[in-house]
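Thanks for asking me to look this one over. Here are my notes, for you to read alongside the model.

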Amino acid sequence: MNKSMVFIESTSNDPRFNLALEQYVFDRMPRENDYFILWQNHNTIVVGKHQNTLEEINPVYVKEHDITVVRRLSGGGAVYHDMGNVNFTFIADADNLEQLNLQAFCIPVVRMLNMAGVDAQISGRNDITIYGKKFSGNSQYIKEGRIMHHGTLMFDSDLSVVADALQVKADKYESKGFKSVKSRVTNIRPYLPQDMDITKFKQLLKKNMVRNQEMSVYQLAERDLEQIREIQKDRYDRWDWNYGKSPAFSVEKKRKIDGVGRLDVYMNVEHGCIQELEIFGDFFGEGATKELKMLLKGCELEEEKLSAKLRHFDLERCFSHLKTEDFIKMLTN
């Protein structure tokens, strides 16, 4: 028997509040329901959990244009939000999902847009595109058998700001056959056979994103708002969460691995042995956990030794779809 779906629409455009709202629904609202949330942010860059924030943004442009920068709980890459963009979130049981199945949650978006006459398609590991141009990026967070899937829908965003605010790596767009950020992203609105404003578009999302499931509307009460603001204060308002501090490292290795994403590995190595390890990137998974760092601390930077250390370690929990042999090659080559 399907669970009932609860719909929540945020009335705030503060990205720190909205990420706290997601976390509140995920952590504290009744698990016997599934949840569908729609929300919008004012000018914002949202970076993935494992990214090095200062390498992902154009700090001068961000400051001059009063763009908020905030880190989310899920992996993946940095995205730009403005009031021409709509964000959606699904929160449900992960069931027996062993790996992040991003495409399953992208299907309702594609189906809804196809019904509206837009030729949208799922592309790569986490994008939705129109004629090869991206308008939606998606990521997921899994904890204790529960999954949070969230995505962006660029309906009528200022694409010039997207290009100027983000420091997108060259390999990110060259691998897709595009010469610039502007040429690889698009908005939904120009492709609609019948034009509509963003309010009508949100109504369309609310009506058509959930099928075969009863959906009720939930209005956040003051007790909910108090807890959301507390989460915001404890995490999303904090500089050390949004930017963090990167120690100096002596070894730096950067690779883009198909199906995995970008991994930027930083190590301090003494006498051929790993002493410190940090990994940034737009990958999915838990990242460089304490367990992984402790396991490799003191290990010789040599293929056989690393292979022995990692033989019984679940590396895919840290980096989705990453093979141990590829990880070892990256560390040693």
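The points below deal with one strand and its partners, and then with a helix pair.

1. A reminder to begin with: this is a predicted model, so please read each point in that light.

2. I started with strand 2, residues 34–39. Six of its six residues are buried, so the strand is largely enclosed by the rest of the structure. The burial holds for both faces: Asp34, Phe36 and Leu38 lie on one side, while Tyr35, Ile37 and Trp39 lie on the other. This fits the general pattern, since side chains in a regular strand alternate between the two faces of the sheet.

3. Which strands pair with strand 2? Strand 1 (residues 5–9) does so in the parallel sense, over five bridges, and Val6 has Tyr35 as its bridge partner. Strand 6 (residues 85–93) runs antiparallel to strand 2 and is joined to it by five bridges; here Ile37 stands opposite Thr89.

4. Helix 1 (residues 15–28) belongs to a right-handed β-α-β unit together with strand 1 and strand 2. It is worth tracing this unit on screen before turning to the helix contacts.

5. Helix 1 also meets helix 8 (residues 222–236): their axes come within 8 Å and cross at roughly 115°. That angle makes helix 1 roughly perpendicular to helix 8, and the crossing is right-handed.

6. For the contact between these helices, look at the helix 1 residues including Phe17, Leu21 and Tyr24, and at the helix 8 residues including Leu225, Ile228 and Ile231. Charged residues take part too, among them Arg16 and Arg28 in helix 1 and Asp224 and Arg235 in helix 8.

Methods. Residues numbered from 1 in each chain as written. Predicted model: local features only at pLDDT ≥ 70, side-chain atom pairs only at ≥ 80, totals over all residues. Heavy atoms only, no water. Buried < 20%, exposed > 50% of the residue type's maximum accessible area, 1.4 Å probe, protein only. Helix = DSSP H or I, 4+ residues; strand = E, 2+ residues; numbered from the N terminus. Pairing = 2+ DSSP bridges. Right-handed = clockwise from strand over helix to strand, strands pointing away. Axes fitted to C-alpha atoms, helices over the stretch in contact; angles between N-to-C directions. Parallel < 35°, antiparallel > 145°, perpendicular 65-115°, else oblique. Left-handed = near helix turned anticlockwise from the far one by under 90°. Contact = heavy atoms within 4.5 Å.
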